[in-house]
Amino acid sequence: MNRLVLKAEVVQIEPLRYTPAGIPLLGIVLHHASEQMEAGMKRKVECEINAVILGDLALKGLKPGAQIQAQGF
């Protein structure tokens, strides 16, 4: 199974919405920046990822600039 764990900063938050089944859904954009060792050299890594938070976590009052550890598939 594919799995991703990422420490990132929340840079954008869409308005809270609900699925047709009534489950809270929050769209966010995450920014990650770090240095990783690859082939014996330090490499700078940066990316932005669109993510979706479902359920009770979507109601936690997440703010832009928050540092989070996101995991998913």
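**Exercise 1. A residue with positive phi**

In which loop is Ala39 found? Describe the backbone and the exposure of Ala39 as well.

*Solution.* The model is predicted. Step one is location: Ala39 lies in the loop between β3 and β4. Step two is the backbone. Phi of Ala39 is near 55°, a positive value in a residue other than glycine. Step three is exposure. Ala39 has a relative accessible area of 67%. The cut-off for exposed is over 50%, so Ala39 counts as exposed.

**Exercise 2. Confidence**

Find the average pLDDT of the protein chain. Then state which elements have the lowest and the highest mean pLDDT.

*Solution.* Start with the whole chain. Its average pLDDT is 95. Of the residues, 100% score at least 70. Now go element by element. β5 has the lowest mean, 94. Strand β2, residues 17-18, has the highest, 97.

**Exercise 3. The largest nonpolar core**

List the residues of the largest nonpolar core. Name the elements that give two or more residues to this core. Then take Leu30 and list its contacts beyond four places in sequence.

*Solution.* First, the members. The core has eight residues: Leu6, Ala8, Val10, Leu26, Ile28, Leu30, Ile53 and Ala58. Second, the elements. β1 (4-13) and β3 (24-38) each give two or more residues to it. Third, the contacts of Leu30. Leu30 touches Ala8, Glu9, Val10 and Val11. Leu30 also touches Cys47, Glu48, Ile49 and Ala51. Ile68 and Ala70 complete the list for Leu30. As background, nonpolar side chains in soluble globular proteins tend to be buried together.

**Exercise 4. Val29**

Is Val29 buried or exposed? Place Val29 in its strand, then list its contacts beyond four places in sequence.

*Solution.* Val29 sits in strand β3. Its relative accessibility is 10%. The cut-off for buried is under 20%, so Val29 counts as buried. Next, the contacts. Val29 is in contact with Glu9, Val10, Val11 and Gln12. Glu48, Ile49 and Asn50 are also in contact with Val29. Finally, check a distance. Val29 and Ile13 are 16 residues apart along the chain. Their C-alpha atoms are separated by 6.6 Å.

**Exercise 5. Salt bridges**

How many salt bridges does a search of the whole structure find? Give the partners and the exposure of each partner.

*Solution.* The search finds two. Take the pair Lys42 and Glu35. Their closest N and O atoms are 3.9 Å apart. Lys42 is exposed, at 63% relative accessible area. Glu35 is exposed too, at 52%.

Now take Glu46 and Lys44. Here the closest N and O atoms are 3.6 Å apart. Glu46 is partly exposed, at 48% relative accessibility. Lys44 is exposed, at 66%.

Follow Lys44 further. Lys44 belongs to strand β4. Apart from neighbours within four places in sequence, Lys44 is in contact with Ser34 and Glu35. Lys44 and Ala33 are 11 residues apart in sequence, and their C-alpha atoms are 7.4 Å apart.

**Exercise 6. Two leucines in one loop**

Where are Leu59 and Leu62 found? Compile the surroundings and exposure of each.

*Solution.* Locate both. Leu59 is in the loop between β4 (41-54) and β5 (67-72). Leu62 is also in the loop between β4 and β5.

Take Leu59. With 47% relative accessibility, Leu59 is partly exposed. Leu59 forms a nonpolar surface patch with Leu16 and Tyr18. Together these residues have about 310 Å² of accessible area.

Now Leu62. Leu62 is partly exposed, at 27% relative accessibility. Beyond four places in sequence, Leu62 touches Val10, Ile13, Ile28, Ile53 and Ile68. Thr19 is 43 residues from Leu62 in sequence, and the C-alpha atoms of the two are 19 Å apart.

**Exercise 7. Gln71**

Which residues does Gln71 touch beyond four places in sequence? Add its strand and its exposure.

*Solution.* Gln71 is in strand β5. Gln71 has 53% relative accessibility and counts as exposed. Gln71 touches Arg3, Leu4 and Val5. Compare sequence with space for Leu6. Gln71 and Leu6 are 65 residues apart in sequence. Their C-alpha atoms are 6.3 Å apart.

Terms used:
Residues numbered from 1 in each chain as written. Predicted model: local features only at pLDDT ≥ 70, side-chain atom pairs only at ≥ 80, totals over all residues. Heavy atoms only, no water. Core = buried A, V, L, I, M, F, W, Y, C linked by side-chain atoms within 4.5 Å. Buried < 20%, exposed > 50% of the residue type's maximum accessible area, 1.4 Å probe, protein only. Helix = DSSP H or I, 4+ residues; strand = E, 2+ residues; numbered from the N terminus. Contact = heavy atoms within 4.5 Å. Patch = residues over 30% accessible without salt bridge, like charges linked within 9 Å, V, L, I, M, F, W, Y side chains within 5 Å. Areas by Shrake-Rupley, 256 points an atom, 1.4 Å probe, with all protein chains shown as cover. Salt bridge = Lys/Arg side-chain N within 4 Å of Asp/Glu carboxyl O. pLDDT = per-residue confidence, 0-100.
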